[in-house]
Amino acid sequence: AHAQGAPVVDVREDDEWAAGHVAGATHIPMGDLPARVGELPKDGPIFVFCRSGNRSGQMADFLRQQGFQAINVAGGMVDWEARGYAVER
């Protein structure tokens, strides 16, 4: 679905982001997300990423409570890289 241009939010910390992230993703560390939800669109799905899917699962639940169509990417960056998908550094 990301291929169709759906936004991706990466909620990992700065060092994790710097080590590699999904091309075109928006970096909003987990602790900053509640204060920055206004930066996210509510008109379609948002994919939420972290390393393994735990933090992004919590943040996707939070975003859904705020009225967003948030989708947790299970497996996170670990799975993304294992599948050979592109990573930006």
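The questions and answers below concern nonpolar cores and salt bridges in a predicted model.

Me: Which element gives the largest share of the largest nonpolar core?
Reply: The largest nonpolar core has 15 residues, and those with the most contacts inside it are V11, L33, L40, V48 and L63. Two or more residues of this core come from each of β3 (45-49) and α3 (54-65). The largest share, four residues, is given by α3.

Me: How many residues make up the other core, which lies apart from the largest one?
Reply: This other core includes A25, V73, M77 and W80. Its number of residues is 10.

Me: Is E16, which forms a salt bridge with R55, buried or exposed?
Reply: The closest N and O atoms of E16 and R55 are 2.9 Å apart, and the pair links distant parts of the chain, with E16 in helix α1 (residues 14-19) and R55 in helix α3, 39 residues apart. Whereas R55 counts as partly exposed at 22% relative accessibility, E16 has a relative accessible area of 18%. Because buried means under 20%, E16 is classed as buried.

Me: Which residue forms a salt bridge with D79, and is that residue buried or exposed?
Reply: The residue that forms a salt bridge with D79 is R83, the closest N and O atoms being 2.8 Å apart. D79 is partly exposed, with a relative accessible area of 27%. The relative accessible area of R83 is 54%, and since exposed means over 50%, the answer is R83, exposed.

Technical notes
Residues numbered from 1 in each chain as written. Predicted model: local features only at pLDDT ≥ 70, side-chain atom pairs only at ≥ 80, totals over all residues. Heavy atoms only, no water. Core = buried A, V, L, I, M, F, W, Y, C linked by side-chain atoms within 4.5 Å. Buried < 20%, exposed > 50% of the residue type's maximum accessible area, 1.4 Å probe, protein only. Salt bridge = Lys/Arg side-chain N within 4 Å of Asp/Glu carboxyl O.
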